[in-house]
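Biologist: Could you pick one part of this model and take me through it closely, side chain by side chain? I'd like to know what sits next to what, and how far I can trust it.

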Amino acid sequence: MKAAAAASPKSETVAQRVRRLQSEARQLAKDHIKALSAAMVEVETLAAEIAEGGDAYPPGVRDIARRLVEDVEARVQTLDAIVARTA
């Protein structure tokens, strides 16, 4: 009974199971990268709001936020380019 429970319901070969699991892992990685990219875009938006926030924010904070916007934008573009090449 235990041997039947351990076997895959579709009776996959080991090679088929490896391919399926690798495919699932690649999809999970793509989803994770999309989540990272989305979070980076949120940070970029927040930093832009602070950078443009005027005198309510200390000048040093506005400067850091302004530089962060530029850096994050470039990093998101780099991520997108890498993902596009590997797709």
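**A close look at helix α3**

Modeller: Let's start with a pair of charged side chains: Asp63 and Arg67 are separated by about one helical turn, because they sit 4 residues apart in helix α3. (Helices here are DSSP runs of H or I with at least four residues, strands are runs of E with at least two, and both are numbered from the N terminus.) Bear in mind that this is a predicted model: local features need pLDDT of at least 70, side-chain atom pairs count only at pLDDT 80 or more, while totals for chains, interfaces and linings use all residues. Residues are numbered from 1 along each chain as its sequence is written, and side-chain values use heavy atoms, with hydrogens and water left out.

Back to that pair. The side chains of Asp63 and Arg67 meet in a salt bridge, 2.7 Å from N to O; the term covers a side-chain nitrogen of Lys or Arg within 4 Å of a carboxyl oxygen of Asp or Glu. Asp63 has a second partner, since Arg66 also forms a salt bridge with Asp63, and there the closest N and O atoms are 3.8 Å apart. Arg66 and Asp63 are 3 residues apart in α3, so about one helical turn lies between them.

How open are these side chains? Asp63 has a relative accessible area of 31%, so it is partly exposed. (Buried means under 20% relative accessible area, exposed over 50%, and partly exposed in between, with a 1.4 Å probe and protein chains only.) Arg66 counts as partly exposed at 38%, and so does Arg67 at 48%.

Further along α3 there's another pair of this kind. Arg75 and Asp71 both lie in α3, 4 residues or about one turn apart, and their side chains meet in a salt bridge at 3.3 Å, N to O. Arg75 is partly exposed because its relative accessibility is 48%, and Asp71 is partly exposed at 36%. The structure holds 6 salt bridges; away from α3, Glu12, Arg20 and Glu24 are linked in a network of them.

Now for an arginine that is placed another way. Arg62 is found in α3, which runs over residues 59-86, and it counts as buried because its relative accessibility is 16%. A polar atom of the Arg62 side chain lies 2.9 Å from the backbone oxygen of Gly54. That can be read against the cut-off for a polar contact: a pair of N or O atoms within 3.5 Å, where within protein one must be able to donate a hydrogen and the other to accept it, and residues adjacent in sequence count only if both atoms are side-chain atoms. Leaving aside neighbours within four places in sequence, Arg62 is in contact (heavy atoms within 4.5 Å) with Ile50, Ala51, Gly54, Asp55 and Tyr57.

One of those, Ala51, brings us to helix α2. Ala51 is among the buried residues of α2, along with Ser37, Met40, Glu44 and Ala47, and what covers them includes α3. Take Ser37: it is buried because its relative accessibility is 13%. Not counting residues up to four places away in sequence, Ser37 touches Val76 and Asp80. Asp80 lies in α3 and is partly exposed, because its relative accessible area is 43%. Asp80 and Ile33 are 47 residues apart in sequence, yet 9.2 Å apart in space, C-alpha to C-alpha.

As for α2 itself, 38 residues (14-51) at 1.5 Å each should span 56 Å, and its end C-alpha atoms are 55 Å apart, so the two values agree. The expected span is 1.5 Å times one less than the number of residues.

Zooming out, the protein chain has 3 helices and 0 strands, running α-α-α from the N terminus on. Of its 87 residues, 13% count as buried. The accessible surface comes to about 7,000 Å², of which 60% belongs to carbon and sulfur atoms; areas come from the Shrake-Rupley method with a 1.4 Å probe, and for residues only the protein chains shown count as cover.

And trust? The mean pLDDT (the predictor's confidence in each residue, from 0 to 100) of the protein chain is 89, with 90% of residues reaching 70 or more. Among the elements, helix α1 (residues 2-6) has the lowest mean pLDDT, 51, and α2 the highest, 96.
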